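Biologist: Before we use words such as strand, edge or buried, I would like to hear what each of them rests on. Could you show me the model that we are going to discuss?

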Amino acid sequence: MDKKKIMDGVKLILEGMGEDINREGLIDTPDRVARMFGEICGGLHKDPADEISVFFHVEHNDMVLVKDIQFYSLCEHHLLPFYGKVHIAYIPEDGKVTGLSKLARVVDVASKKPQLQERLNSEIVEALMSKLSAKGVLVVIEAEHMCMTMRGIQKTGSKTITSGVRGIFRTNLATREEGLSLIKHM
């Protein structure tokens with residue numbers, strides 16, 4: 001990240017809006033914004049799959065589901081936040097599972113960059129399939145996009161829902177319905 005470029009850009013934006021960049025409340029704003037982008041875009045140039053590095057073996061291949069993993073991301077079209085919850089289900093192959101926190105870490109890395117929700121969904125699904133060699137993966141994301149709620153159409157409370165399915169969740173309707181039912185009802 002080039003902090004100076006971001007700070008210069010923020011100054012130009014403020015001046016373009018007609019603000020006085022030397023006003024007390026704005027003097028440190030370019031630095032604060034640069035640090036903020038460093039934090040909220042910390043997933044840039046990282047592979048979410050690298051977050052899955054610990055594996056355990058269990059005696060079964062039953063579905064593993066983690067719901068309501070909160071995330072925050074940045075719409076790449078407007079540089080406004082979108083945020084919500086990710087739900088992840090997978091069915092292990094040969095009892096190979098990972099720590100539950102690793103699933104949340106995959107979400108964090110994939111979401112911390114300018115992003116599209118559809119791509120975010122795919123990146124999470126692909127990372128899990130590649131590292132877990134799972135029988136199947138199901139990822140559902142529900143998010144509110146500030147580019148729809150605070151500007152443009154201004155439809156507060158509207159949610160965008162995307163899903164990604166691979167393996168048995170794609171080929172077996174009963175398995176997919178079980179995963180979606182658990183996400184919806186519990």
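Modeller: What follows is a short exchange about how the terms are applied to this model, which is a predicted one.

Biologist: How do you know that strand 3 and strand 6 are paired?

Modeller: Two strands count as a pair if DSSP finds at least two bridges between them, and 10 bridges join strand 3, residues 81-91, to strand 6, residues 136-145. The requirement is therefore met for these two strands, which run antiparallel. One place to look is Val-86, whose bridge partner in strand 6 is Ile-141.

Biologist: What makes strand 5 and strand 7 edge strands?

Modeller: The open sheet has 5 strands in the order 5-2-3-6-7, and its pairing is mixed. Strand 5 (114-115) and strand 7 (160-167) each have a single partner strand, so one side of each is left without a neighbour in the sheet.

Biologist: Why is the stretch at 114-115 called a strand?

Modeller: A strand is a DSSP run of E with at least two residues. Strand 5 covers 114-115, and therefore it satisfies that minimum.

Biologist: Where does helix 3 lie with respect to the strands?

Modeller: Helix 3, residues 100-111, lies across strand 2 (64-75), strand 3 and strand 5, and it runs at about 20 degrees to strand 2.

Biologist: What makes a residue count as buried, and how much of the protein is buried?

Modeller: A residue is buried if its relative accessible area is under 20%, and buried residues make up 38% of the 186 residues in the protein.

Terms used
Residues numbered from 1 in each chain as written. Predicted model: local features only at pLDDT ≥ 70, side-chain atom pairs only at ≥ 80, totals over all residues. Heavy atoms only, no water. Helix = DSSP H or I, 4+ residues; strand = E, 2+ residues; numbered from the N terminus. Contact = heavy atoms within 4.5 Å. Axes fitted to C-alpha atoms, helices over the stretch in contact; angles between N-to-C directions. Buried < 20%, exposed > 50% of the residue type's maximum accessible area, 1.4 Å probe, protein only.
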